[in-house]
Each structure stands twice: as structure tokens, then as C-alpha cells.
Amino acid sequence: MFQVGVDIEDISRFENKTQEKDSHFLNRIYTKNELKYCFSNSHPAKHLAARFCAKEAVVKALNGLVKKMPKYSDIEILKKENGAPFVNLLNCNENIEISVSLSHDREKAVAFAAAQKN
Ligand SMILES: CC(C)(COP(=O)(O)OP(=O)(O)OC[C@H]1O[C@@H](n2cnc3c(N)ncnc32)[C@H](O)[C@@H]1OP(=O)(O)O)[C@@H](O)C(=O)NCCC(=O)NCCS
């Protein structure tokens, strides 16, 4: 079975987050690899927002496909050498294939996910 999910967020929700001040929120949602990528950029908020969208889109796409929904911090969004995002589903032993696509402009971030159980 093949399912899709989508999400959109205001980037402003993620402005001024710092790894010192907001560690509780950040570590609950993001992996170390994701935080490293987001905070290595000049405008972390748009990358944090896009990854948050991606996690919500993945949860929507996984509805009914998995026995137990993964935590946000177990839905890791990494990047291929060419910049394209991919999902690393942590702590999950089900055979699930997921594709994601992210976009951001000045105000909004969006993500689209497709999931298939093999
Ligand atoms: C990929 C591309 C269309 C992105 O367009 P854009 O309008 O600048 O950016 P958007 O805001 O819509 O999307 C940004 C997101 O696109 C994704 N992205 C980047 N490169 C990508 C690619 N090659 N394929 C798919 N998605 C890509 C990333 O997830 C990025 O968000 P992130 O940095 O938070 O992870 C554009 O950068 C492009 O055409 N690049 C050249 C393609 C290429 O192959 N470059 C690599 C050469 S080796």
C-alpha cells in the first residue's frame, strides 16, 4: 500500500531557537545530525521548519502502515550528496520505503512525503 502526507509551517515559529536555550524542544524533535545541518546554515529556522514539516508529513503518510508510529526524533531527515533529502527511520524494524521533498521561502516551509509498505 502507498500513502502520502503533507505539512506546512510558519518559519517564524522556529526563529531565534538556539541549541543552548531550546535544547529540550530541539532534542525532542530533531536528531544530532539534523541539528548539525540546520545550525550549520546561516538561517537555521527555515531548515528546522522544513524538517518539522517533513516529520509531520511522514507521520501522515505512515498512518495505518505501521504498528507503532515513530517519535519525531526517530524520523531523521538527511541529505544525499546532491542535496536531495531522504528519510532514515530509526528504531523501526518494519520494511517501509519513504520519499520526502522539502521547500521553503521567506515565510513558509512545506514538505511532502510518500510511504509504502513492502
Ligand atoms: C534542488 C533545487 C531545485 C532547490 O530549489 P530551491 O528553490 O533553491 O529550494 P527550495 O526552498 O524549494 O527547497 C530547498 C530544499 O530542496 C531540497 N533539495 C536540495 N537539493 C535537492 C535536489 N538535488 N533534489 C531534491 N531536493 C533537493 C533540500 O531538502 C532543501 O532544503 P534543506 O536545505 O532544508 O534540506 C535547486 O537548488 C537546484 O535546481 N539545484 C541544482 C540541482 C542539483 O542537482 N544540484 C547538485 C549538483 S551536484
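Which residue in β5 is the bridge partner of isoleucine 8? Keep this in mind while you set up the view.

**Before you start**

This is a predicted model, in which local features need pLDDT of at least 70 and side-chain atom pairs count only at pLDDT 80 or more, while totals for chains, interfaces and linings use all residues. Residues are numbered from 1 along each chain as its sequence is written, and side-chain values use heavy atoms, with hydrogens and water left out.

**Stop 1: the sheet**

Select residues 2-10, which are β1, then 108-117, which are β5, then 96-104, which are β4. Strands here are DSSP runs of E with at least two residues, and helices are runs of H or I with at least four residues, numbered from the N terminus. The strands form an open sheet of three in the order β1-β5-β4, with antiparallel pairing. β1 and β4 are the edge strands, each pairing on one side only. On average, neighbouring strands of this sheet are turned by 15° against each other, direction ignored. Axes are lines fitted to C-alpha atoms, for helices over the stretch in contact, and angles run from 0 to 180 degrees between N-to-C directions.

Strands of a sheet pair through backbone hydrogen bonds, either parallel or antiparallel. Two strands count as paired if DSSP finds at least two bridges between them. Between β1 and β5 there are nine bridges. Select isoleucine 8: its bridge partner in β5 is valine 110. Valine 4 has alanine 114 of β5 as its partner. Now turn to the other side of β5, where nine bridges join it to β4. Serine 99 stands opposite alanine 114. β4 and β5 form a hairpin, with three residues between them.

**Stop 2: glutamine 3**

Select glutamine 3, in strand β1. Its side chain reaches the backbone oxygen of alanine 61 at 2.8 Å. That is a polar contact: a pair of N or O atoms within 3.5 Å; within protein, one must be able to donate a hydrogen and the other to accept it, and residues adjacent in sequence count only if both atoms are side-chain atoms. Not counting residues up to four places away in sequence, glutamine 3 also touches others, including Lys60, Leu62 and Ala114. Contact means heavy atoms within 4.5 Å.

**Stop 3: the helices**

Select residues 44-62, which are α3. This helix lies across β1, β4 and β5, running at about 150° to β1. Add α2, residues 32-39; α2 and α3 pack at an angle of about 145°, with their axes 8 Å apart. Among the residues making the contact are Leu35 and Tyr37 of α2, and His47 and Arg51 of α3.

**Stop 4: the ligand**

Select the ligand and show the residues with a heavy atom within 4 Å of it. Among those that surround the ligand are Tyr37, His47, Arg51, Asn82 and His104. The largest share of this shell, three residues, comes from β4.

Which polar atoms lie beside the ligand? A polar side-chain atom of arginine 51 is 2.7 Å from a ligand oxygen. Asparagine 82 has a polar backbone atom 3.1 Å from a ligand nitrogen, and histidine 104 has one 2.9 Å from a ligand oxygen. Taken alone the ligand exposes 880 Å², and the protein buries 44% of that. Accessible areas come from the Shrake-Rupley method with a 1.4 Å probe; for residues, only the protein chains shown count as cover.
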